Amino acid sequence: MSYRVDLTVLSEQKQFCRFGVTLHNLSDQPLVDWELQFIIDRYILPDSFTNGKIKQIGSFCTVTPELSELSANEHYYCEFSINTAPLRYYTDGFKDALVVERGANLKHPVVVTPIALASPYRERSELPQVESSPLALIPKPNQCVTQSGHYLLSPSSQITLQSTRAERAAQWLQVELETLFQFKTSPIGHSDILFRDNPTLDEGEYNLSVTNQGIRLEAGSSAGFVHASATLLQLIEGTEQANTLKVPFVQISDQPRFRYRGMMLDCARHFHPVERVKRLINQLAHYKFNHFHWHITDDEGWRVEIKAYPQLTDIGSTRGAGTLLEPQFSTLNDVHQGFYSQEDIRDVVNYAEERGITVIPEIDIPGHCRAAIKALPHLLVDNDDHSQYRSIQHYNDNVLSPALAGTYEFLDTVLAEIVELFPSPWVHIGADEVPDGVWVNSPLCQALMEENGYHSAKELQGHLLRYAEKRLKALGKRMVGWEEAQHGNKVSKDTIIYSWLSEEAALNCASQGFDVILQPAQYTYLDMAQDYSPDEPGVDWASTIPLEKAYRYEPLKEVPDTDPIRKRILGIQCALWCEIVTHQQRMDYMVFPRLTALAEACWTDKPHRDWQDYLTRLKGHLPMLGKQGISYRHPWKNK
């Protein structure tokens with residue numbers, strides 16, 4: 001260890017913290033003409049910096065010290081302030097650090113010690129000890145009657161179809177039986193597992209019966225057969241005999257509480273390979289989700305191939321030293337890159353469809369567009385725009401201009417290719433977090449405002465989003481967006497709002513006549529830390545979300561059953577933003593078991609939901625998580 005950096009919280013108030021940084025030169029050589037680089041996700045107030053100057057782009061910071069030489073076995077110290085709530089977690093500190101000797105063109109790795117927090121240490125919360133439920137079904141079926149006895153599946157057991165709607169579900173069931181239980185059905189034998197059409201059952205609804213006559217799965221939709229198969233997989237138990245399984249006698253009649261049950265995965269901040277994405281989609285099928293919202297463009301990466309604009313992935317999918325996109329979030333010395341070819345996209349879409357899941361793409365505009373702007377400056381840069389702004393992720397160059405012809409050329413071209421790739425009837429257009437100050441010093445934007453009688457930047461944003469909405473409608477798609485999509489009052493009520501700020505904000509949109517997907521960050525954001533110990537990974541800007549809080553999210557709790565506003569609530573979605581999710585193990589840890597708790601909020605009717613009952617089922621269900629190879633956060637063990 002030649003270099004070490006320590007970050008210490010010196011003082012903290014409600015929305016202001018002071019920090020000290022010490023860089024130790026533990027080598028036997030002086031540092032000459034050097035700078036310190038580090039990654040932190042808070043915005044450092046430049047004027048607060050001591051003993052040097054700081055430049056920050058996103059989470060990438062470069063410190064130029066006042067002293068150009070740091071002798072061996074000496075240290076450099078500086079202080080700075082951030083307008084932030086008190087820090088609670090080690091993951092709030094530096095993610096990576098480098099010392100760069102500019103003249104010698106050398107980079108030295110730096111050991112980053114855990115941030116020295118000022119806040120009092122809080123112990124981990126503990127769940128009550130419970131017995132495992134013998135019927136560990138998640139989400140809990142809405143009608144379920146058990147009987148004594150088991151039905152045996154043997155090497156001669158066969159899957160039989162009496163419905164063409166069941167073909168994909170049956171194929172998925174065969175794959176999962178072999179993967180999870182090393183069980184293969186026979187091509188010729190007893191029709192032990194029978195898929196039977198029942199046109200009286202609504203979309204997603206199913207009946208499942210296990211008797212001494214066999215296993216019967218009934219549905220009136222392909223999705224219903226997938227959900228029935230997911231329940232069957234959770235019922236199955238192993239035996240001591242090879243290729244033999246047993247299933248308890250049970251009668252289940254089940255249907256979803258909400259017709260939309262989704263999860264969003266952010267693959268823009270950190271790229272997740274196709275196999276990781278498919279793995280998550282397969283897990284969603286196990287818990288009866290039916291939508292996968294794929295966040296594939298943002299400031300830090302453009303992840304989808306657009307054949308008309310190869311620059312979007314040639315340039316916009318790569319960040320790090322020596323590229324047009326600076327390092328962000330996780331690593332300074334390595335180049336982070338990756339994108340999905342159009343063949344990859346079709347593969348994922350087909351894979352999801354086989355499991356009853358619709359993939360909704362998100363192309364985030366007009367904010368969160370830095371990767372696209374860097375890739376296509378000839379189209380997307382307004383050289384006469386001198387507006388000063390800072391986005392929530394600390395950029396001043398990440399917003400499309402609604403006054404540039406190139407912006408509309410870009411949208412027309414990208415959306416045309418996107419709708420060909422994704423059969424989903426919906427396309428998500430983002431629309432979130434456009435910062436204050438945009439477009440105010442752009443002559444083109446000011447002329448556009450005057451021409452249309454607009455009085456605010458929100459109306460300009462609405463102008464651009466209305467164009468996107470009409471373009472998507474002409475392409476046969478319905479536009480969806482975050483709740484800021486209705487800012488400026490320009491889009492029609494045909495646009496669907498995903499509300500992330502709070503459920504109150506969602507109900508406000510619904511009261512205006514918008515259809516709404518509930519995604520309140522205080523309960524559904526899986527990047528939030530799961531407990532209060534400082535070594536718990538995650539963030540907490542919305543809330544800390546332990547398993548119990550996730551489970552106890554009761555949608556529309558304050559809305560009477562007779563209130564017509566309920567008809568505007570299409571369903572629920574959870575989300576995993578991936579600023580600090582860089583690998584499979586971290587993804588598993590953040591998602592499970594909280595995904596199972598939220599699955600129950602999506603599926604199970606309120607009278608059948610009970611925290612203690614859920615815990616008994618979860619405890620019995622943990623072996624199934626293990627069979628799926630999930631590195632989950634154990635609910636009854638400290639990390």
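**Exercise 1. Determine how strand S4 is joined to strand S9, and with how many bridges.**

Solution. Strand S4 covers residues 34-39, and S9 covers residues 97-101. Strands here are DSSP runs of E with at least two residues, numbered from the N terminus. The two strands run antiparallel and are joined by 5 bridges; pairing requires that DSSP finds at least two bridges between two strands. Within this pair, Trp34 stands opposite Glu101.

The model is predicted: local features need pLDDT of at least 70, side-chain atom pairs count only at pLDDT 80 or more, and totals for chains, interfaces and linings use all residues. Residues are numbered from 1 along each chain as its sequence is written, and side-chain values use heavy atoms, without hydrogens and water.

**Exercise 2. State which residues of S9 lie on each side, and whether they are buried or exposed.**

Solution. In a regular strand, side chains alternate between the two faces of the sheet. One side of S9 carries Ala97, Val99 and Glu101, and the other carries Leu98 and Val100. All of these residues are buried, where buried means under 20% relative accessible area, exposed over 50%, and partly exposed in between (1.4 Å probe, protein chains only).

**Exercise 3. Describe the connection between S9 and S10.**

Solution. S10 comprises residues 106-109 and is joined to S9 by 4 bridges in an antiparallel arrangement. Leu98 stands opposite Pro109. The two strands form a hairpin with 4 residues between them. In the turn, Asn105 has a positive phi of about 55°.

**Exercise 4. Give the order of the strands in the sheet, and name its edge strands.**

Solution. The open sheet has 5 strands in the order S5-S6-S4-S9-S10, with antiparallel pairing. Its edge strands, S5 and S10, each pair on one side only.
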